[in-house]
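Biologist: I would like to see how the labels on a model are earned. Please show me the structure, and then I will ask.

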Amino acid sequence: MLDLDLLPDGGMSWLDASGPESSVVLSSRVRLARNLQGIAFTTRADDGELEATRDQIIGAARQAAVLEGAAEFRLDGLEPLERQLLHERHMISRDLAGLERGRTVRRGAALLTNGELGMMINEEDHLRLQSLRSGSDLTGAYAVLERLDTDLGRHLPLAFHPEFGYLTACPTNVGTGLRASVLIHLPGLVLTKRSRGPSRGSLRSGSRSAGSTARAARSSATSSSSPTRRPSASPRRNSWTT
Amino acid sequence: MTQIVDNSVTTLHLCEQCAAEKGVHTGASVAKLPLAGFLASVGQGAAAALPPVKDDQACGFCGARLQDFRETGRLGCPHCYETFEQQLRELMRRIHGSSQHVGEVYLPATAAHQDDRRLLAELREQLRRAVAAENFELAADLRDRIRGIE
């Protein structure tokens, strides 16, 4: 049974408007996609491999200082409504929650989180590290995520190609595996039906918008990025050369 | 276009030229952007951008074929990137503008501790690729790492 008391603020601290520019930017999210060497990606792995992957990742994550005391949720043991609740709190994707049409929850699907920082296990990729913060704070979100990534890299054999970078199930995520997004509150533009203009304009700045809530996403390694731009989160963190 | 002025709502239906005169960017003008076209192709599935190749080759690790990738848009395992390296390299260039990853490099802890020579060889290979791609920032970073180990 789902026990959200394990999390500070029930996992809703990103919505408390305590962060910078929170009157406009509700939340900032950065995620990194990672996979393990020597194991098929989740869509091709069998149940035994998925469970072994989950156990291996959780074992490594328990040694990461930034995830100390994190709560563990095994999604394949939760009811659909409970998974829906985690999804609505922006802690897991629809895919991991098994809410996509014609799909069910994947064996070995799990969430490890302390509220602001966490990881989805056996999503499309073996690992989706994510940091979610109140307001406009992509830099802070990335900084803590980078520490977790470094810690995990010491204990897990990650799939990395010298030319392509970090390998992912979908080639659009290959490279850094990074995607950064902000959830922006733009009621005026929606009321005047002009939200599509800024959405389209964002394409030219290496961004894209998604959803009626106008969530603008930036990424260094996906279709939404401008290949020559570097994400502002960190001077070390990459992009693609032209 | 819908405008609200002094609590009065006005809806205008404009042609592309009139919209441009009013400073409104229409879908037609956006579609001319190369990036927009690219994103549209990605939206239809990155696999659709693959060059035509023979599909009978299978990944030796997971058994996935290129046809599987065309249908699902997902690869089967990390080894697929080696099996279909040539085809994927072209796809990477179309998606990301280049196939050469730059920036942070993953170095297995075991290699760093147990076999410095193997690690050095790996770093030198990455340095060679970085120089070939004229990514001098990454090359400088790799050079410093190599010197540190040496």
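Biologist: Why is there no bond between the sulfur of B:Cys77 and the closest cysteine sulfur?

Modeller: First, keep in mind that this is a predicted model. The closest cysteine sulfur to that of B:Cys77 is in B:Cys62, 3.6 Å away. A disulfide needs the two sulfurs within 2.5 Å. The pair is therefore too far apart for a bond.

Biologist: What makes B:Cys59 fail as well?

Modeller: The reasoning runs along similar lines. The sulfur of B:Cys59 has its closest cysteine sulfur in B:Cys77, at 3.6 Å, so the distance is too great for a bond. Over all chains, the count of disulfides is zero.

Biologist: Why are B:Cys59 and B:Cys77 called buried?

Modeller: Buried means under 20% relative accessible area. B:Cys59 has 4%, so the label fits. B:Cys77 has 0%, so the label fits there too.

Biologist: How do you know that B:Glu85 forms a salt bridge with B:Arg89?

Modeller: Look at the closest N and O atoms of the pair: they are 2.7 Å apart. The cut-off is 4 Å, so the pair counts as a salt bridge. Both residues lie in helix α6 of chain B, residues 85-96. They are four residues apart, about one turn of the helix.

Biologist: What makes B:Glu85 partly exposed and B:Arg89 buried?

Modeller: Partly exposed runs from 20% to 50%. B:Glu85 has a relative accessible area of 23%, so it is partly exposed. B:Arg89 has 19%, which means that it counts as buried.

Biologist: Which residues are joined into one network by salt bridges that share partners?

Modeller: That network is made of A:Arg54, A:Asp55, A:Arg62, A:Glu72, A:Arg74 and A:Asp76. Over all chains, the search finds 25 salt bridges.

Biologist: Why is the pair A:Arg133 and A:Glu116 called a salt bridge?

Modeller: Their closest N and O atoms are 4.0 Å apart. The limit is 4 Å, so the pair is counted. A:Arg133 sits in strand β5 of chain A, and A:Glu116 in the loop between β3 and β4, so the bridge ties together parts 17 residues apart in sequence. A:Arg133 is partly exposed at 22%. A:Glu116 is partly exposed at 35%.

Biologist: How do you know that A:Glu100 forms a salt bridge with A:Arg94?

Modeller: Here the closest N and O atoms are 3.9 Å apart. That is within 4 Å, so the pair qualifies. A:Glu100 is partly exposed, at 33%. A:Arg94 is partly exposed too, at 35%.

Biologist: How do you know that the length of helix α9 of chain B agrees with what it should span?

Modeller: This helix has 14 residues, 136-149. At 1.5 Å a residue, they should span 20 Å. The end C-alpha atoms are 20 Å apart, so the two values agree.

Biologist: Why do you say that the buried residues of α9(B) line one face?

Modeller: Those buried residues are B:Leu138, B:Ala139, B:Leu142 and B:Ile146. Seen down the axis, they fall within an arc of 100°, so they line one face of the helix. On the other side, B:Phe136, B:Arg147 and B:Gly148 are exposed.

Biologist: How many helices and strands are there in chain A?

Modeller: Chain A has six helices and 10 strands. Of its 242 residues, 56% count as buried.

Conventions:
Residues are numbered from 1 along each chain as its sequence is written. Chains are lettered from A and ligands numbered from 1 in the order in which they are written. This is a predicted model: local features need pLDDT of at least 70, side-chain atom pairs count only at pLDDT 80 or more; totals for chains, interfaces and linings use all residues. Side-chain values use heavy atoms; hydrogens and water are left out. Buried means under 20% relative accessible area, exposed over 50%, partly exposed in between (1.4 Å probe, protein chains only). Helices (H or I, at least four residues) and strands (E, at least two) are DSSP runs, numbered from the N terminus. The expected span of a helix is 1.5 Å times one less than its number of residues. The arc is that of the directions from the helix axis to the C-beta atoms. A salt bridge is a side-chain nitrogen of Lys or Arg within 4 Å of a carboxyl oxygen of Asp or Glu.
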